[in-house]
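The following exercises concern the model shown below. Each task is followed by a solution that proceeds step by step.

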Amino acid sequence: MRAAVTILAVAALASVPLWLRDPYLLNALITTGIFVIGAMSLNLLLGFTGQLSLGHIAFFGIGAYVSALTSLGFDVGLPGDVRLVHAPWPPIAGSLLAILVAGMCGYFVGLLSFRVRGAYFVIVTISFAEVVRLVALNWVELTQGPLALTNIPSIALSLPGIGELTLRTKMQNYYLVLVVALVAYLLIARLVHSHFGRAMRGLMENETLAVSVGIDVTRTLTLAAVISAAIAGAAGSLYAHYIRIIDPEVFAFINTVTMVIMVISGGKGSLAGPVVGGLIFGLLPVALRPVMAPEAQWIAYGGVLIAILFVLPRGIVPSLAQRFIRRRSGAPALASVALTETGAKEPA
Amino acid sequence: MSEFLQHLVNMLVLGGTYALLGIGLTLIFGIMNVVNFTHGVLYTFGAYIMFIVVQQLGLNFFLALPVAVLAGWLLGATIELTLLRPLRGSDIDTTMLVMIGAWIAMQSGTLWIWGGVAKSVATPFPEAPLVLGPVSVSWLRLFVLAAAAMLILVTYLLINKTSLGRAMRATFQDHDTASLMGVNVDMIYTSTFAIGSSLAAAAGALLGPVYVIFPQMGDLAAVKAFAIVILGGLGNITGAVIGGFILALAEELGAGYVSSGYRDAMGFVIIIAVLIFRPTGLFARAERVG
């Protein structure tokens, strides 16, 4: 049943470029898709370990910059008269490096930030993201600062039989994003239903109890942070090679907030949640654009976030799933069992 | 040496307003356990009240500060009553996200009403600075320091010498017990949020005329306030005052001797360093986990 819904949804998404010819809408779908990947990676931390990281955009941005710099090349002076020169590599190598470096950053940030919990964890993660933004802004020799890195090459795939295929058109990029999103979704689903996933959820429900049954808290949280950061790095790399220009504004706090809104509105701790929430909030600006000024859109954005937390605190997907199951069986008790299986957390 | 003295003087002026920001946030964070992302917006709001009163209404500069304090108090009480009171008892992440929503909405509202162009406020002080040996300081900055010091003193007396302050301190220690002793905890929460917000608005009204006023000015101010609270420890007013001056000193020295581009990074570096190496804050006794 769940598999059938997933396959139908993927088929529906895959058919979009075949009938949608409007380049503006297709562009909105591609950037939304990239942010959905980021939101899915954030959900791994927020929904399955319960840690609210508000610095998640740092890994996205690091992925974007690593990917861009690897494929553009750079020449910077380091302290002590050392010059670091790098000749351009193919974009696909940049993407792999982006995943690797973002994952490593996730490891170090996780190792340091998981020493504190709750509000302090949130504030430390914000601080890391802002420090990275300020470095990107001020290390002009490497990043061009506010002048932005431009002319980032598009991703090229070497396919057997066809030769090298450079992904320039919107349709090609749409399918690239869809494939990466699908891989990320399946990876997270596999992870969540493994032994490791149960350890993460155990930790979220009750950390003391989890420790008492032998779950290594630091190892579990750090591993979740590494995987989450690596996926965010992949999303950042896609972003850099699709938009083909990045500046330090990619690290803006509002981008993290966008991902958080996608996760919370869709339903944290639900695999489909970030996808549903992401599509709604990613495409909301497109729908509002003809009727509202940009500032008014942002006011609506903040208002909708507040409204969701008041009205649907558990998110759209878990609430709908519960209603669906209750109607079919008429037994609320069964509904809560089924929901625990999909990983949705009952409000404390 | 004279350069260093000049940095110290600048630190005093900045530190006073930072302390105001920090006290406001440490009260809210400490007593209500709410990570208040609207604190920066209240700072911006105070600055715009200054702009409205002085530039748009043409009233007296010195009248604008009390108006800003009062307006901040009212806006803070409104936020608490409409957004936080219905969510009493929900987890800290939920209230934090609601505060983020309110911050986005209010900041965009500011941008919508007044536009993104930076505004400046005319002051009644002479242009020529006061020169004391090797250092010089403008009269406006001296006024800012004096006003901030006065507001800090008033807040200190309010918390330590009045019955409202005693009830606030009791709620901070243990809100269940305070409630059993007849303290109206709901009222204390609203008052705390209103007082904290009015202090943020006062800081904005004081620093607005020193720099320029624009809708996003509160974002960095909020971060600085968080750094100060983490330095000084939760709910610790003296800690917040000392933390405000330490942050101002770190920024002045960082901008003067490292690179002015990294001035605003100091707050974040302090947050990361304190939480990693001394997570209880520099002066706090309370444990800080969970």
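**Exercise 1.** Is α8(B) largely enclosed by the rest of the structure or largely in the open, and how many of its residues are buried?

*Solution.* The model is a predicted one. A residue counts as buried if 20 or more other C-beta atoms lie within 10 Å of its own. In α8(B), 20 of the 23 residues are buried, so this helix is largely enclosed by the rest of the structure. Next, consider its length: helix α8 of chain B covers residues 185-207, and at 1.5 Å a residue it should span 33 Å. The end C-alpha atoms are 33 Å apart, which agrees with that expectation.

**Exercise 2.** Determine which residues touch the most other members of the largest nonpolar core, and which helix supplies the largest share of that core.

*Solution.* The largest nonpolar core has 196 residues, and B:A201, B:A202 and B:I271 touch the most other members. The largest share of this core, 15 residues, comes from helix α10 of chain A (residues 217-243). Contacts of B:A202, neighbours within four places in sequence being left aside, include B:L20, B:L65, B:V69 and B:L151.

**Exercise 3.** Describe the overall dimensions of chain A and decide whether its radius of gyration agrees with that of a compact globule.

*Solution.* Chain A contains 15 helices and four strands. For 348 residues, a compact globule would have a radius of gyration near 20 Å; the value for chain A is 21 Å, which agrees. Along the principal axes, its C-alpha atoms fill a box of roughly 70 × 50 × 50 Å. Of its residues, 44% count as buried. Finally, take the contacts between residues at least 6 apart in sequence: 75% of them join residues at least 24 apart.

**Exercise 4.** Characterise the pairing and the burial of strand β1 of chain A.

*Solution.* Strand β1(A) spans residues 74-78, and the number of its five residues that are buried is zero, so the strand lies largely in the open. Five bridges join β1(A) to strand β2(A) (residues 82-86), and the two run antiparallel. Within this pairing, A:G77 has A:R83 as its bridge partner. The two strands form a hairpin with three residues between them, and A:G80 in the turn has a positive phi of about 85°.

**Exercise 5.** Establish the environment of A:G273.

*Solution.* A:G273 belongs to helix α12 of chain A (residues 273-288). Because 29 other C-beta atoms lie within 10 Å, A:G273 is buried. Residues that A:G273 touches include A:N43, A:V263, A:K268 and A:V317. A:V36 lies 237 residues away from A:G273 in sequence, with a C-alpha to C-alpha distance of 10.0 Å.

Note on methods
Residues numbered from 1 in each chain as written. Chains lettered and ligands numbered in written order. Predicted model: local features only at pLDDT ≥ 70, side-chain atom pairs only at ≥ 80, totals over all residues. Buried ≥ 20, exposed ≤ 12 C-beta atoms within 10 Å, placed from the backbone. Contact = placed C-beta atoms within 7 Å. Core = buried A, V, L, I, M, F, W, Y, C linked by C-beta atoms within 7 Å. Rg over C-alpha atoms; globule rule 2.2 N^0.38 Å. Expected span 1.5 Å × (residues − 1). Pairing = 2+ DSSP bridges.
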